[in-house]
Amino acid sequence: MGFRKKSKSPPVLSHEFVIQNHADMVSCVAMIVLLGLMFEVTAKYAIMFITVQYNVTQTLDTDAEDKPEPFSYYKYGPKDMATVFFYLLIAIILHALIQEYILDKINRRLHLSKTKHSKFNESGQLATFYSFSFIWGCSILTSEEFETNPTFLWEGYPHIHMAFQVKFFYICQIAYWFHALPELYFQKVRKEDIPRQLYYICLYIFHITGAYVLNLHRLGLVLLVPHYLVELLFHASRLFYFSDENKQKGFTLWALLFVITRLLTLTVSVLTFGFGLSRTDNQGFSLAEGNFNVLTVRMTCLSAICLTQAWMMWKFINFQLKKWREQSQIQANKKKAVSPKSRPKNQNLYGSGGRKGTEARREKN
């Protein structure tokens, strides 16, 4: 982990050295980018990493007497990769800080096993990210008044212009999920857990980047917010479960909301791709205009969403069946543990080998 003080330092640039000091190394890279702002020669390159690019200023006509108000929008472009890289570094640093100063201290008190220790760290990091993203996403939806007009999902497509908060939200989302890939190495994730984590990390990168590039950021934001709420509830419930195994009520609420969110996602997706975008006037494919409103793209996006939801439901059903089998096995073991205890007592009191049984046979003889 980053920021840890070790009594014995491993060899420089060895695997253990990189894992222990990765946050310090990344902090140095981020500091070099920030120092670039101090010099005129490098400032124009440093700004490309730190600030959101592709600003477009438009004027909004309010009243005839007032002057038109300038308003800034943002587009996407190749320079966004530099911004994503910088905030990927910030995500790695924040990850190490949360791990070092919060999660590790709680782990020492709970004395968890290695398996639970790994899952606790995963849930702790994701619960923090989901809670922050959910609050941020709700604030964007509220400020943009998205919830009052459902047709905003397809009206005026292509939505090439984004507000600052919307673009910065997507930049941070993409940066966070890309940072999760090297964290598999930095956190020494067990080999058996790597495929499972790789699946959902790649799915997040694929869907969020797809919504950003295809100018479907409105739909992506509406689908992400309830999904993050459900995932937040799951990981928060798992954290409470690790602290006390009797606290399992959160999983019941999570299971209910999980199914509702899957149905909501499918409904909104079918409504947007099947009815909304297919009936808009601006049909066609143009990279220059950012227009991807053709049947092939719509069906590909809808198929990707439906397949992802089906895969998630399949994993959910298997998880519930596994949990039900474990509970049934525990119940069966409890019954087997109780039944042998009652038999020796009956035999000692009334069986042929007991004292009362011996005395009864003597009196009978």
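This tour passes through backbone features, salt bridges and a cavity in a predicted model.

**Backbone features**

Begin by selecting Y157 and P158, and display the peptide bond between them. That bond is cis, with omega at about 10 degrees. P158 belongs to the loop that runs between α4 (114–143) and α5 (164–186). As background, most peptide bonds are trans, and most residues other than glycine have a negative phi.

Next, select Y54, in the loop between α2 (40–50) and β1 (55–60). Its phi is positive, near 65 degrees, in a residue other than glycine. The relative accessibility of Y54 is 28%, so this residue counts as partly exposed.

Then move to N215, located in the loop between α6 (194–213) and α7 (217–243). Here too phi is positive in a residue other than glycine, with a value near 60 degrees. Is N215 buried or exposed? N215 is buried, because its relative accessible area of 2% falls under the 20% limit.

**Salt bridges**

The model has 6 salt bridges. Side chains of opposite charge can pair when their charged atoms come close. Three of the pairs are worth displaying in turn.

Select K188 and E16. Their side chains form a salt bridge with an N to O distance of 2.9 Å. The pair links distant parts of the chain, 172 residues apart: K188 sits in the loop between α5 and α6, and E16 in helix α1 (residues 15–35). K188 is partly exposed, at 48% relative accessible area; E16 is also partly exposed, at 31% relative accessibility.

Now select K167 and D80. The closest N and O atoms of this salt bridge are 3.1 Å apart. K167 is in helix α5 and D80 in helix α3 (residues 80–110), so the bridge ties together parts that are 87 residues apart in sequence. How does the environment of this pair appear? K167 has 0% relative accessibility and therefore counts as buried. D80, at 4% relative accessibility, counts as buried as well.

Continue to R238 and E122, whose side chains meet in a salt bridge at 3.5 Å, N to O. Because R238 lies in helix α7 and E122 in helix α4, the pair ties together parts that are 116 residues apart in sequence. R238 counts as buried at 11% relative accessibility, and E122 is buried with a relative accessible area of 9%. Add R196 to the selection: E122, R196 and R238 are linked in a network of salt bridges.

**The cavity**

For the last stop, turn to the interior space. How many cavities of 30 Å³ or more does a search of the whole structure find? The search finds 1 cavity, and the largest cavity has a volume of about 50 Å³.

To display its lining, select Y157, L216, F273, L277, F292, N293, V297, R298 and C301. Two elements, β4 (291–293) and α9 (295–350), give two or more residues to this lining. Colour α9 separately: the largest share of the lining, 3 residues, comes from α9. By residue class, the lining divides into 7 nonpolar, 1 polar and 1 charged.

Finally, keep Y157 selected. This residue lines the largest cavity and is joined to P158 by the cis peptide bond shown at the start of the tour.

Key: Residues are numbered from 1 along each chain as its sequence is written. This is a predicted model: local features need pLDDT of at least 70, side-chain atom pairs count only at pLDDT 80 or more; totals for chains, interfaces and linings use all residues. Side-chain values use heavy atoms; hydrogens and water are left out. Helices (H or I, at least four residues) and strands (E, at least two) are DSSP runs, numbered from the N terminus. Buried means under 20% relative accessible area, exposed over 50%, partly exposed in between (1.4 Å probe, protein chains only). A salt bridge is a side-chain nitrogen of Lys or Arg within 4 Å of a carboxyl oxygen of Asp or Glu. On a 1 Å grid over the protein atoms alone, a cavity is a set of points where a 1.4 Å probe fits but cannot get out, and a pocket is an open set with protein on both sides within 12 Å along at least five of seven lines; lining residues have an atom within 4 Å of a point. Grid points are joined across faces, edges and corners, and a volume is the space filled by probe spheres set on the points. Ala, Val, Leu, Ile, Met, Phe, Trp, Tyr, Cys and Pro count as nonpolar, Asp, Glu, Lys and Arg as charged, and the others, Gly among them, as polar.
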